[in-house]
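Work through the following exercises with the sequence and the model side by side. Each task is followed by a solution that proceeds step by step.

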Amino acid sequence: CGRCGLPLPSTRGTDSAIPFCAPCRQQEYAFDLARSFGLYAGNLRQAILELKFRRRERLGKRLGELLVEVWTGVEELGALDSPVLVPVPLHSSRQRERGFNQAHLLAEGLKRRLARVPGTGTPEIAPRCLWRTRATVPQTGLNLAARRENVRGVFDVSMPEIIPGRVAVLIDDVMTTGATLSACAAALK
């Protein structure tokens with residue numbers, strides 16, 4: 001999809017002048033544009049699972065460095081003046097349990113790699129800009145409607161002074177339906 005970056009269910013969507021999926025045509029997402037490094041399958045899926053559940057924190061920064069390919073491949077990102085990277089927050093109880101926020105590690109890796117790319121600025125990371133107001137059940141296994149309901153009203157902005165006049169680039173480890181990123185974008189907007 002030209003907006004959310006998710007695979008289109010059929011090749012008919014690519015025949016359109018603007019290849020959008022049904023949710024994007026219906027303006028169901030609060031974010032303006034979404035892209036991912038790859039499909040959550042195979043080695044990429046295994047690396048993300050190792051990061052999250054086997055505490056392989058170094059993988060987070062390495063995977064974050066790979067995001068530079070996405071960044072440099074999206075024209076709109078290259079033209080940004082002073083973007084701010086906003087990692088999708090974990091609830092404090094989950095972060096205590098895990099010991100880290102994988103989205104923050106990805107943001108650190110991306111920032112580190114962008115610093116070495118000529119012609120790109122180094123974005124600021126705002127790890128405490130958003131926060132989860134309550135714990136939620138994991139999104140895994142939930143359908144689209146349940147995912148949206150699960151994250152509805154969950155995110156709030158704790159540092160609103162960081163955002164005005166800047167583009168916020170949300171960073172998360174997995175995007176399946178876009179419900180979490182949409183809820184984060186809605187809170188930031």
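**Exercise 1. Confidence**

Which elements of the protein chain have the lowest and the highest mean pLDDT?

Solution. This is a predicted model, in which local features need pLDDT of at least 70 and side-chain atom pairs count only at pLDDT 80 or more, whereas totals for chains, interfaces and linings use all residues. Residues are numbered from 1 along each chain as its sequence is written, and side-chain values use heavy atoms, with hydrogens and water left out. Start from pLDDT, the predictor's confidence in each residue, from 0 to 100; its mean for the protein chain is 88, and 96% of the residues reach 70 or more. Then go to the elements, which are DSSP runs numbered from the N terminus (helices: H or I, at least four residues; strands: E, at least two). The lowest mean, 74, belongs to helix α4 (residues 75–78), and the highest, 96, to strand β1 (residues 84–87).

**Exercise 2. Strand β5**

Describe how β5 is paired and how its side chains are arranged.

Solution. Two strands pair if DSSP finds at least two bridges between them; β1 and β5 pair in the parallel sense over four bridges, and P87 has I171 as its bridge partner in β5. In a regular strand the side chains alternate between the two faces of the sheet. Along β5 (residues 168–171), V169 and I171 point to one face and are buried (under 20% relative accessible area; exposed is over 50%, partly exposed in between, with a 1.4 Å probe and protein chains only). A168 and L170 point to the other face and are not buried.

**Exercise 3. Two loop residues**

Is T136 buried or exposed, and which residues does T136 contact?

Solution. Locate T136 in the loop between β3 (130–132) and α7 (144–151). T136 counts as buried because its relative accessible area is 13%. Leaving aside neighbours within four places in sequence, T136 is in contact (heavy atoms within 4.5 Å) with R94, N150 and V154.

Now compare P127, placed in the loop between β2 (124–125) and β3. P127 counts as partly exposed because its relative accessibility is 31%. Leaving aside neighbours within four places in sequence, P127 is in contact with P87 and H104, and P87 is the residue whose bridge partner in β5 is I171. P127 and A103 are 24 residues apart in sequence, yet their C-alpha atoms are 9.1 Å apart in space.
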